[in-house]
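This report describes the ligand site and the salt bridges of one protein model. The sequence and the structure are shown first.

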Amino acid sequence: MSLSGKTAIITGSNSGIGLGIAHTLAAAGADVVLNSFTDRDEDHALAAELAKTHGISARYIKADMSKGTECRALIEQAGVCDILVNNAGIQHVAPIDTFPADKWDAIIAINMTSAFHTTAAALPMMRKAGWGRVVNIASAHGLTASPFKSAYVTAKHGIVGMTKVVALETAEEPITCNAICPGYVLTPLVEAQIPDTMKEYNMDRETVIRDVLLARQPSKQFATVEQIGGTAVFLCSPAADQITGTTISLDGGWTAL
Ligand code: NAD
């Protein structure tokens with residue numbers, strides 16, 4: 001499977017799943033655009049390292065996915081977008097009656113509304129190129145719920161809905177739109193919610209990992225960024241030409257429960 005000649009833009013990709021997907025797409029030959037809201041030397045160094053490792057062209061473009069204008073500017077600045085991976089995401093864990101309103105707004109903006117803006121800006125480029133793939137990184141929380149994650153679960157269900165709409169609007173074109181729904185992956189985002197969850201449930205770290213995080217993941221294993229990247233590459237392959245408007249779970253059986 002070669003993605004040579006294709007350009008992939010991955011939002012929120014200076015860390016975790018986004019960076020893992022960027023590596024897998026680059027290994028398959030795609031040129032990549034990395035993104036986050038910072039503009040540090042190490043962000044640009046990640047792009048240089050990707051280019052060197054995989055012999056592709058890579059750039060880092062700063063854009064804050066909580067702002068619609070910057071979401072659209074990311075795509076415009078890249079100038080070409082064959083593969084759009086909407087991955088940027090944050091988390092906050094608290095009961096709904098004390099859930100901070102600013103955290104709600106940020107999660108809805110970054111985890112859901114950003115995909116509206118980037119997709120709207122990218123579709124005309126895909127139509128011009130005659131091929132396109134939109135891959136939304138949703139979550140098992142796009143299909144099921146957990147307590148204390150009202151904004152995240154709302155945003156992830158929203159992006160699964162948006163995935164279906166984009167698929168229907170592009171159904172007769174050589175463009176597909178799907179959502180990948182991972183269970184728990186041990187990235188900085190998950191690391192960051194362990195302390196709050198320890199507090200909510202009054203548990204130590206090991207117990208939170210075993211009895212809370214992986215409680216609903218029957219395989220008792222974290223999914224990996226490589227597995228998610230491999231699924232994104234599959235969605236870009238000819239075998240997936242008729243896969244659109246659906247979700248692919250990488251959750252060790254969570255949503256089978
Ligand atoms: P992470 O914290 O490692 O990565 C999140 C990325 O989003 C980072 O690159 C960060 O810089 C970026 N980001 C945050 N705010 C941004 C903003 N305003 N503008 C631009 N970029 C921004 O987390 P991760 O676990 O790799 O999460 C990536 C995606 O995968 C998220 O959408 C998350 O909801 C989803 N996901 C994660 C898990 C998991 O267990 N880790 C499971 C299911 C889904």
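A residue is near a molecule if one of its heavy atoms lies within 4 Å of it. The model discussed here is predicted.

## Shell around the ligand

In this model, 31 residues surround the ligand. The closest are Asn 14, Ser 36, Tyr 152, Val 185 and Thr 187.

Two or more residues of this shell come from each of four elements, namely α1 (16-27), β2 (31-36), α5 (150-169) and α6. Helix α6, which spans residues 188-201, gives the most to the shell, with three residues.

## Polar contacts and cover

Three side chains place polar atoms against the ligand. An N or O atom in the side chain of Thr 187 is 2.3 Å from an oxygen atom of the ligand. For Ser 15, a polar side-chain atom lies 2.7 Å from a ligand oxygen atom. Asp 64 has a side-chain N or O atom 2.8 Å from a nitrogen atom of the ligand.

On its own the ligand has 820 Å² of accessible area, and the protein covers 93% of this. The largest pocket is the space that the ligand takes.

## Salt bridges

The structure holds six salt bridges. One of them involves Asp 64, the residue whose side chain also approaches a nitrogen atom of the ligand. Asp 64 is paired with Lys 67, with the closest N and O atoms 3.1 Å apart. Asp 64 counts as buried because its relative accessibility is 17%, under the 20% limit. Its partner Lys 67 has a relative accessible area of 40% and is partly exposed.

Another salt bridge joins Arg 40 to Asp 43, where the closest N and O atoms are 2.8 Å apart. Asp 43 is buried, at 0% relative accessibility, whereas Arg 40 is partly exposed, at 37%.

## A link between two helices

Which residue meets Arg 205 in a salt bridge? The partner is Glu 191, and the N to O distance is 3.0 Å. Arg 205 lies in helix α7 (residues 205-213) and Glu 191 in helix α6, so the pair ties together parts that are 14 residues apart in sequence.

Both side chains of this pair belong to partly exposed residues: Arg 205 has a relative accessible area of 32%, and Glu 191 has a relative accessibility of 31%. Helix α6 therefore has a part in this link to α7, and α6 also supplies three residues to the shell around the ligand.

Notes
Residues numbered from 1 in each chain as written. Predicted model: local features only at pLDDT ≥ 70, side-chain atom pairs only at ≥ 80, totals over all residues. Heavy atoms only, no water. Salt bridge = Lys/Arg side-chain N within 4 Å of Asp/Glu carboxyl O. Buried < 20%, exposed > 50% of the residue type's maximum accessible area, 1.4 Å probe, protein only. Polar contact = N/O pair within 3.5 Å; in protein donor to acceptor, adjacent residues only side chain to side chain. Areas by Shrake-Rupley, 256 points an atom, 1.4 Å probe, with all protein chains shown as cover. 1 Å grid on protein atoms, 1.4 Å probe; cavity = no way out; pocket = protein on both sides within 12 Å on 5 of 7 lines; lining within 4 Å. Sits in = over half its atoms within 2 Å of the grid points.
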